[in-house]
Amino acid sequence: MTVRYHVTVDRQGDEWWAVCPALRHHGAAIGGETREEALAHIENAILMILTEMASSGVSPPPDQVPPYGIALTIETEAA
């Protein structure tokens with residue numbers, strides 16, 4: 001199944017931080033040394049969160065579209 005979640009990516013000091021507002025309280029906030037690395041990490045985090053939610057029988061929350069958000073399309077069997 002294909003799911004879409006929006007994320008924000010901001011530079012904070014020497015790191016880049018990617019956050020998925022819809023899944024933030026599930027742990028979808030992660031850093032990286034580059035913007036691309038932060039985006040790759042958040043995509044993996046979202047996939048792991050969705051997989052865990054599916055295995056627990058929990059429906060994923062709807063996407064939240066923040067200003068200047070970046071849409072990530074994620075392929076998963078879990079959602």
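The following paragraphs lead through a predicted model, strand by strand and then into its helix and loop. Residues are numbered from 1 along each chain as its sequence is written, and side-chain values use heavy atoms, with hydrogens and water left out. Local features need pLDDT of at least 70 and side-chain atom pairs count only at pLDDT 80 or more, whereas totals for chains, interfaces and linings use all residues.

Strand S1 covers residues 2-12 and includes threonine 8; helices (H or I, at least four residues) and strands (E, at least two) are DSSP runs, numbered from the N terminus. Threonine 8 is buried, at 18% relative accessibility; buried means under 20% relative accessible area, exposed over 50%, and partly exposed in between (1.4 Å probe, protein chains only). Beyond its neighbours within four places in sequence, threonine 8 is in contact with Trp17, Ala18, Val19, Pro66 and Pro67, where contact means heavy atoms within 4.5 Å. Aspartate 10 also belongs to strand S1, but aspartate 10 is partly exposed, with a relative accessible area of 41%. Residues up to four places away in sequence aside, aspartate 10 touches Glu15, Trp16 and Trp17. Aspartate 10 and threonine 73 are separated by 63 residues in sequence and by 19 Å in space, C-alpha to C-alpha.

Strand S2 comprises residues 15-19 and contains glutamate 15. This glutamate 15 is partly exposed, its relative accessible area being 35%. Together, Asp14, Glu15, Glu33 and Glu37 form a negative surface patch. Patches are made of residues with over 30% relative accessible area and no salt bridge, like charges being joined within 9 Å and nonpolar side chains (Val, Leu, Ile, Met, Phe, Trp, Tyr) within 5 Å. A salt bridge is a side-chain nitrogen of Lys or Arg within 4 Å of a carboxyl oxygen of Asp or Glu.

Valine 19 lies in strand S2 as well, and at 11% relative accessibility valine 19 counts as buried. Leaving aside neighbours within four places in sequence, valine 19 has contacts with His6, Val7, Thr8, Arg24, Ala28, Ala29 and Ile42. The C-alpha atoms of valine 19 and alanine 71 are 12 Å apart, with their positions 52 residues apart along the chain.

Alanine 71 is part of strand S4 and is partly exposed at 37% relative accessibility. With neighbours within four places in sequence left out, alanine 71 is in contact with Arg4, Tyr5 and His6. From alanine 71 to proline 60 the C-alpha separation is 16 Å, for 11 residues in sequence. The segment after S4 holds threonine 76, which is buried at 6% relative accessibility. Outside the neighbours within four places in sequence, threonine 76 is in contact with Met1, Val3, Leu47 and Thr51.

Helix H1 contains alanine 45, a buried residue with 10% relative accessibility. The C-alpha atoms of alanine 45 and glycine 27 are 7.8 Å apart, while the two residues are 18 apart in sequence.

The path closes at tyrosine 68, placed in the loop between helix H1 (35-55) and strand S4 (70-75). Tyrosine 68 is exposed, with a relative accessible area of 80%. Its backbone also deserves inspection: phi of tyrosine 68 is near 65°, a positive value in a residue other than glycine. Most residues other than glycine have a negative phi.

Note on methods
Accessible areas come from the Shrake-Rupley method with a 1.4 Å probe; for residues, only the protein chains shown count as cover. Lys and Arg count as positive and Asp and Glu as negative; His and the chain ends are not counted. The place of a charge is taken as NZ of Lys, CZ of Arg, CG of Asp or CD of Glu.
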